[in-house]
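Colleague: I have a new model open and would like some help with reading it. Could you take me through it feature by feature?

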Amino acid sequence: MPRQVNRKTFRPLVLNAETPVVVDVWADWCGPCHALSPNFAAAAEEAGDNARFVKLDAEKNQKLVKQYQVRSLPTILYFKDGEVVDRSTGVVSKGAILKRLRPLLPEDAQAEIKGGSWWKFWE
């Protein structure tokens, strides 16, 4: 299950992570954010220990939202080595999340993730 991050935990859990990190920027009032949540959790489960999945509440962490130029919700930020390397906005499928994550993983870890293939885009 993805864990919550905030301005205090963002650096150790996201920027200093040894694995890629997928950040769901969301807000409680955002209907599409709630629609994305099960897909995000399913992608996290499939990725296992190969990547870290976290959620960032946009309302409570506005400085981080501004710093990473998040302009709509939900937004998913993909971090590798402390840098944003990809992003997506809106409700996306589990497969779409995994498809963006796979290139950030070492080759052996890519093979462990079954989702994310183009023919499973709608998962």
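Modeller: Gladly. Keep in mind that this is a predicted model. Let's begin with the pocket: by class, the lining of the largest pocket has 5 nonpolar, 2 polar and 2 charged residues.

Colleague: How does one look for such a space, and which residues line the largest pocket here?

Modeller: Rolling a probe the size of a water molecule over the atoms shows where empty space is left. In this model, the lining of the largest pocket consists of Met-1, Pro-2, Thr-19, Ala-44, Gly-48, Asp-49, Ala-51, Arg-52 and Phe-53. Its volume is about 160 Å³.

Colleague: Now the sheet. What is the order of its strands?

Modeller: The general idea comes first. Strands of a sheet pair through backbone hydrogen bonds, either parallel or antiparallel. Here 5 strands make an open sheet in the order S1-S3-S2-S4-S5, and the pairing is mixed. Strand S1 (3-5) and strand S5 (83-89) are at the edges with a single partner strand each, so one side of each has no neighbour in the sheet. From one strand to the next, the twist averages 30°.

Colleague: In which sense do S4 and S5 pair, and over how many bridges?

Modeller: Strand S4 (residues 75-80) pairs with S5 in the antiparallel sense, over 6 bridges. To find the register, look at Thr-75, which is opposite Thr-89 in S5, and at Phe-79, which is opposite Val-84 in S5. S4 and S5 form a hairpin with 2 residues between them, and Asp-81 in the turn has a positive phi of about 55°.

Colleague: Which strands does helix H2 lie across?

Modeller: Helix H2 (residues 31-47) lies across strand S2 (21-26), strand S3 (52-57) and S4, and runs at about 155° to S3. Helix H4 (residues 94-101) also packs on the sheet, where it touches S2, S3, S4 and S5, with its direction at about 25° to that of S4.

Colleague: Where should I look for unusual backbone geometry?

Modeller: Try the loop between helix H3 (62-67) and S4, where Pro-74 is found. The peptide bond from Leu-73 to Pro-74 is cis, with omega near -5°. Gln-69 is in the loop between H3 and S4 too, and this residue has a positive phi of about 55° although it is not a glycine.

Colleague: One last feature: which cysteines form a disulfide, and why is it called right-handed?

Modeller: The pair is Cys-30 and Cys-33, with sulfur atoms 2.4 Å apart. The torsion about their S-S bond is about 80°, so the disulfide is right-handed. The count for the model is 1 disulfide.

Definitions and conventions. Residues numbered from 1 in each chain as written. Predicted model: local features only at pLDDT ≥ 70, side-chain atom pairs only at ≥ 80, totals over all residues. Heavy atoms only, no water. 1 Å grid on protein atoms, 1.4 Å probe; cavity = no way out; pocket = protein on both sides within 12 Å on 5 of 7 lines; lining within 4 Å. Points joined across faces, edges and corners; volume = space filled by probe spheres on them. Nonpolar A, V, L, I, M, F, W, Y, C, P; charged D, E, K, R; others polar. Pairing = 2+ DSSP bridges. Helix = DSSP H or I, 4+ residues; strand = E, 2+ residues; numbered from the N terminus. Axes fitted to C-alpha atoms, helices over the stretch in contact; angles between N-to-C directions. Contact = heavy atoms within 4.5 Å. Disulfide = S-S within 2.5 Å.
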